[in-house]
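Subject: The structure we spoke about, with notes

Hello,

Here is the structure for you to open beside this message, and my notes on it follow below. Please read them slowly, with the model in view.

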Amino acid sequence: MSSAFSAVYVRDLRLALRRRVEALLPAIFFVVAVSLFPLGVGPEPQTLREIAAGIVWVCALLASMLSVTSLYAGDHLDGSLEQMMLSGQPGFVIASAKAAAHWTVTGAPLVLAAPLIGLLLDMSSAALATLVVSLLLGTPILSLLGGMGAALTLGLRSAGVLLILLILPLTIPALIFGAGAVGAVDSGLSSAGHFSLLGALLILTALTAPMATALALRIALE
Amino acid sequence: MNPPIRWFTFAAPSRFYWLAGALNPWLWASTVALTVAGLYVGFFIAPTDAVQGESYRIIFIHVPAAWMSMIVYLAMAFWAALGWMFNARMASMLARALAPTGAMFTFLALWTGALWGKPTWGTWWVWDARLTSELILLFLYLGYIALVASIDDVVRGDKAGALLAIVGAVNVPIIYFSVDWWNTLHQGATISLTAAPKMAHTMLAAMLLMTLAFWAYAFAVVLTRAQALILERERKTEWVRQLALTRKGWQ
């Protein structure tokens with residue numbers, strides 16, 4: 001089971017490494033999308049500081065959703081997804097490995113880029129640290145839920161937009177607690193409660209989303 | 001002793017079609033009768049509210065619509081799950097038939113809420129926990145409808161829709177809780193929707209009548225839509241051909 005997990009995980013990372021620019025696209029989208037906001041709402045540092053956490057979180061959400069569409073699409077097209085599902089390994093192991101690989105390739109760069117982005121938006125160092133931790137806990141949730149959406153919309157014509165419509169409502173709790181943690185720190189409160197809830201959400205999603213993803217893959221491949 | 005009722009008889013689309021056809025005139029008639037009675041009691045008999053004046057009367061549409069929006073989602077998830085687990089075609093068709101009605105009720109609740117909010121709160125919309133969760137419920141409905149509509153293969157569409165509906169139903173309490181928490185942190189309880197004022201008996205009667213009217217409407221429209229779905233899916237069967245032939249003979 002763990003060998004199946006690492007086999008799929010390492011394979012996906014290797015594939016991503018061979019297409020480096022493609023793997024970096026979500027992070028680039030993230031930076032570009034965030035830098036549009038000051039142009040839209042105005043450059044006043046006070047305003048930007050207030051909405052910074054929300055902007056960063058929403059853009060991270062969109063970057064994850066845009067990149068997750070291709071999580072199963074390529075493997076579906078060349079038939080390797082069917083081989084994986086027929087291999088006798090539990091589907092949720094494959095689904096977790098794919099989600100973990102997606103997070104490593106796209107989620108982790110978002111977390112790393114966040115402090116830089118935060119500086120552009122004039123965030124305080126305490127808020128920046130909170131933002132990084134909240135993204136560290138929250139982006140895996142996005143990869144897990146996004147994987148489920150990718151499996152549900154596998155092979156459909158408008159898979160990309162459809163996935164966003166299906167999954168965004170489900171990511172709202174992560175967004176609320178993730179951006180809320182930074183808001184709490186900004187107003188002088190502890191972010192411990194937000195982090196606990198975000199962690200609980202991560203555990204719950206990690207336990208259930210791969211199962212649902214595996215079921216969705218079976219439905220799609222029938 | 002009465003023979004046991006065989007409910008599974010109606011799992012066959014052809015029999016369900018006849019059952020729906022037999023029930024529908026009664027359901028539509030009671031929808032009209034209950035709506036007329038409910039609106040009459042609500043608009044002409046119920047007293048004017050001491051605080052809100054006449055504007056409160058939209059409650060007779062708003063609150064039943066909000067109730068229905070939630071009940072229909074649960075019913076949809078239930079039938080979709082049943083259809084998926086037991087391969088019951090009829091249950092899956094019912095789930096599909098429920099979705100547009102549920103979305104309509106959700107939209108109606110939001111719309112009447114906005115119309116009510118303007119005179120009482122002075123704004124069309126506040127990011128209150130209930131309003132926000134209702135909006136998210138609308139998104140969940142739209143997601144279900146969009147997913148089911150984009151999958152050409154009927155069986156795959158039914159199953160994928162069922163999975164999404166179940167995931168949504170599990171998530172609704174989590175979303176509500178998080179939105180509630182977010183709301184209390186952000187703006188405090190500026191508007192209390194929970195402190196229900198004491199209601200006159202006629203107000204309660206009007207509300208109950210409207211609730212029953214919406215139930216009857218939901219049953220009627222869902223059964224009608226289910227009939228259409230049955231005809232669409234069973235169009236290659238003998239009984240639908242016969243039905244089409246007899247219909248043609250009438251005209």
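I begin with A:Asp122, which counts as partly exposed because it has 17 C-beta neighbours inside 10 Å. Please keep in mind throughout that this is a predicted model. A:Asp122 sits in the loop of chain A that lies between helix H6 (91-120) and helix H7 (125-152), and its phi is near 65 degrees, which is a positive value in a residue other than glycine.

Chain B offers another residue of this kind, B:Asn87, which is not a glycine and yet has a positive phi of about 55 degrees. You will find B:Asn87 in the loop between H2 and helix H3 (89-121) of chain B. With 12 C-beta neighbours inside 10 Å, B:Asn87 counts as exposed, since the cut-off for that class is 12 or fewer.

Further along chain B, in the loop between H3 and H4, is B:Asp128. Is B:Asp128 buried or exposed? B:Asp128 is buried, because 21 other C-beta atoms lie within 10 Å, and a residue needs 20 or more to be placed in that class. From B:Asp128 to B:Tyr144 is 16 residues in sequence, while their C-alpha atoms are 24 Å apart in space.

Now to chain B as a whole. Its secondary structure consists of seven helices and zero strands, so that, read from the N terminus on, the order of elements is α-α-α-α-α-α-α. Chain B has 251 residues, of which 38% count as buried. If you take the contacts in chain B between residues at least 6 apart in sequence, 78% of them join residues at least 24 apart.

One pair of helices in chain B can be followed in some detail. The axes of helix H2 (residues 59-86) and helix H6 (residues 201-233) of chain B come within 9 Å and cross at roughly 45 degrees, which means that H2(B) is oblique to H6(B). The crossing of these two helices is right-handed. Among the residues that meet there are B:Ile59, B:Phe60, B:Trp67 and B:Met68 in H2(B), and B:Met207, B:Met210, B:Thr211 and B:Phe214 in H6(B). The residues of this contact divide into 14 nonpolar, one polar and no charged.

Next, the two chains together. How many residues of chain B are in contact with chain A? There are 22, and they are in contact with 20 residues of chain A. On the side of chain B that touches chain A, helix H4 (129-150) and helix H5 (154-186) of chain B each supply at least two residues, and the largest share, 13 residues, comes from H5(B). The residues of that side divide into 16 nonpolar, four polar and two charged.

Last comes the largest nonpolar core, which holds 146 residues, and in which A:Val56, A:Ala216, B:Met76, B:Leu94 and B:Leu163 touch the most other members. Helix H8 (residues 159-186) of chain A gives the most to this core, with 18 residues. A:Ala216 is worth finding in the model: leaving aside residues up to four places away in sequence, A:Ala216 touches A:Met148, A:Ala151 and A:Leu152 in chain A, and also B:Ala160 and B:Leu163 in chain B.

With best wishes

Technical notes
Residues numbered from 1 in each chain as written. Chains lettered and ligands numbered in written order. Predicted model: local features only at pLDDT ≥ 70, side-chain atom pairs only at ≥ 80, totals over all residues. Contact = placed C-beta atoms within 7 Å. Helix = DSSP H or I, 4+ residues; strand = E, 2+ residues; numbered from the N terminus. Nonpolar A, V, L, I, M, F, W, Y, C, P; charged D, E, K, R; others polar. Axes fitted to C-alpha atoms, helices over the stretch in contact; angles between N-to-C directions. Parallel < 35°, antiparallel > 145°, perpendicular 65-115°, else oblique. Left-handed = near helix turned anticlockwise from the far one by under 90°. Core = buried A, V, L, I, M, F, W, Y, C linked by C-beta atoms within 7 Å.
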